[in-house]
Amino acid sequence: MKKLINQAENVVREELEGIAIAHPDLVKIAYDPNFVYRADAPVKGKVAVISGGGSGHEPMHGGFVGFGMLDAACPGAVFTSPTPDQMLEATKKVDGGAGVLHIVKNYTGDIMNFEMAADLARGDGIEVEAVVIDDDVAVKDSLYTAGRRGVGTTVLAEKICGAGAEQRRSLKEVADLCRKVNGWGRSMGMALTSCTVPHVGKPTFDLPEDEMEIGIGIHGEPGRVRMKVKPADEIVEMLMEPIISDIPYKAGDEVLLFVNGMGGTPPIELYIVYRKAYEIATKKGLKVVRNLIGPYITSLEMAGTSITMLKMDEDLKKLWDAPVKTPGLRWGV
Amino acid sequence: MPIAREDALNWIKACVRVLAENRDYLTQLDAAIGDADHGANMDRGFKAVMNKMPEISDKDIGTIFKTVGMTLISTVGGAGGPLYGTFFLQAGMKTAGKMELNLNDWYTVLDAALSGVIMRGKAEIGDKTMVDALTPARDALKVALENHTTLADALDQSAEAARAGMEGTIPLVARKGRASYLGERSAGHQDPGATSSYLILKAAADTWSACT
């Protein structure tokens, strides 16, 4: 294992220390239990939006704390959901009296830990709503699985709900907004290489030099199918087809097209992916009215990409364009 | 003699040791069908439990189990944290104020702990989870109770049933947790959660082999 780390067990702590020094104007860090929170928290009368999850997906979630997006983020160990005490303390810290929204990605551990935290927070008299993001079309949803995983749409939901909260929408309105984004967003990813969890020390899965995994999860969970590597355009077709046909998106729909880097894929390749994804969307009659391209929900150093599409309406466009000022996403300010 | 307070503490210490020894093994099992963190998570949680030992060494069994549960909830993360945390919290509720446990008490503890795990994780038998090891272990205790088996033998039979249940997860297709995303590809692998459950119950049988 070759990594720019000191000791594997200190990776999350030292990252947080770096964030604290780099962005004191935007965020503060609490340790034991660990969470990142807005420097000006709590914002009185504003719904607070919190997310959390395993580390290793940076900038999500800690990099999205700040004006117009998250009020707090709880980082777990690498690829491990955070614990209820983190979410509880973060919830108490940022509650401005208007209630707190928990945005939870659909993983068994995340769901259980966030449920316990929400129970405890309600016990302390804080109004909490939780919305689960499950947008990964690579997973066939059924009664016999844990359901679809939460991936790229999470980033879009955090931005849009954060903007809704800044407009002083109520907890129910912001939660409804989150459910709407989850209902209108679909994603699928692929990997060219595996990734290595620092405290494990060897790659999470074996992927031969000439093969790729289509439908990969953000923790290196195997996807739908493994096959020989193909040209980018063919890969993008394999990702876009299940996305477009799932809701399905129909001709005339306005969409946001988000091409995400998994951590090890350079921007030059992401733009090649975007070019083809845009072409496919346009051919289907979809109007790409907004986009996001870059590594925003990563899987450590995994090479690969995920594509997310979100149906947009006037409200979502306005909320997407609203000012945001976080370490990982910043415009309009 | 029944399971005394000191025995309960020794069991927890044995869990700390066994989970440290099996850290890489559990992680390996998890890498095959999950996300390669179960061994590290359990080891981190039980190491934190070890740090709590000084403050619980003179407490009743209920307080010991409850403290273990709270510590696991705040240190393990993943699905294991809430599940094993709930396991020990429920065990603690059944043993509040108790200084010793007989076979019937231990059956009640395991039954409540298993019910807690099922309530939290909503898994059923055959879903390829901890429940597949814990359920036969609980059932074996019930049979042992009916047959008036000695405590030590009952614990051995319970651990043996957990082992069989754990191995029985190998051909199963996962229906809960991250492994369920694999569908048919999860078959052929032993469930890491069922494995840690077996290790914990085996540690109890080994630690309490002189109890009657």
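Reader: What makes S3(A) and strand S4 of chain A a parallel pair, and how many bridges join them?

Author: In this predicted model, 5 bridges join S3(A) to S4(A), residues 72-78, and the two run parallel. Pairing needs at least two bridges. With 5, S3(A) and S4(A) therefore count as paired. One of the partnerships is Gly53(A) with Pro75(A) in S4(A).

Reader: How do you know which sense S3(A) and S5(A) pair in, and over how many bridges?

Author: S3(A) pairs with S5(A), residues 100-105, in the parallel sense. The pair has 4 bridges, against a minimum of two. So S3(A) and S5(A) are called paired. Ile50(A) has His102(A) as its bridge partner in S5(A).

Reader: Why is S3(A) called mostly covered?

Author: The strand spans residues 48-55, and 8 of its 8 residues are buried. Buried means 20 or more other C-beta atoms within 10 Å of a residue's own. Each of the 8 residues meets that cut-off, so the strand is called mostly covered.

Reader: Why is chain A called as compact as a globular protein of its length?

Author: Chain A has 8 helices and 14 strands. Its radius of gyration is 19 Å, and the globule rule gives 20 Å for 333 residues. The two values are close, so the chain is as compact as a globular protein of that length. Its C-alpha atoms fill a box of roughly 50 × 50 × 40 Å along the principal axes. Buried residues make up 58% of chain A.

Reader: Which domains is chain A divided into?

Author: Domain 1 takes in 11-184 + 320-331, and domain 2 covers 185-312. Their C-alpha centres lie 23 Å apart.

Reader: How many residues of domain 1 of chain A are in contact with domain 2?

Author: There are 24 of them, in contact with 30 residues of domain 2. A contact requires C-beta atoms within 7 Å. On the domain 1 side, helices H4 (153-166) and H5 (171-184) of chain A each give two or more residues. H4(A) has the largest share, 4 residues. By class, that side has 13 nonpolar, 7 polar and 4 charged residues.

Reader: What makes chain B as compact as a globular protein of its length?

Author: Chain B has 9 helices and 2 strands. Its radius of gyration is 16 Å, close to the 17 Å that the globule rule gives for 212 residues, so chain B earns the description. Its box is roughly 45 × 40 × 30 Å along the principal axes. Buried residues make up 60% of the chain.

Reader: How many residues of chain B are in contact with chain A?

Author: 25 residues of chain B are in contact with 29 residues of chain A. Helices that give two or more residues to the chain B side include H2 (23-33), H3 (38-56) and H4 (61-75) of chain B. The largest share, 3 residues, comes from H4(B). That side divides into 8 nonpolar, 10 polar and 7 charged residues.

Reader: How do you know what span to expect of H5(B)?

Author: H5(B) has 15 residues, and the expected span is 21 Å at 1.5 Å a residue. From its first C-alpha to its last, the helix reaches 21 Å, close to that expectation.

Reader: Why is H5(B) called mostly covered?

Author: In H5(B), 14 of its 15 residues are buried. Those 14 have 20 or more other C-beta atoms within 10 Å of their own, so the helix is called mostly covered.

Conventions. Residues are numbered from 1 along each chain as its sequence is written. Chains are lettered from A and ligands numbered from 1 in the order in which they are written. This is a predicted model: local features need pLDDT of at least 70, side-chain atom pairs count only at pLDDT 80 or more; totals for chains, interfaces and linings use all residues. The radius of gyration is taken over C-alpha atoms; the globule rule is 2.2 Å times the number of residues to the power 0.38. A residue is buried if 20 or more other C-beta atoms lie within 10 Å of its own, exposed if 12 or fewer, and partly exposed in between; C-beta atoms are placed from the backbone. Two residues are in contact if their C-beta atoms, placed from the backbone, lie within 7 Å. Ala, Val, Leu, Ile, Met, Phe, Trp, Tyr, Cys and Pro count as nonpolar, Asp, Glu, Lys and Arg as charged, and the others, Gly among them, as polar. Domain bounds come from an automatic or database domain assignment. The expected span of a helix is 1.5 Å times one less than its number of residues.
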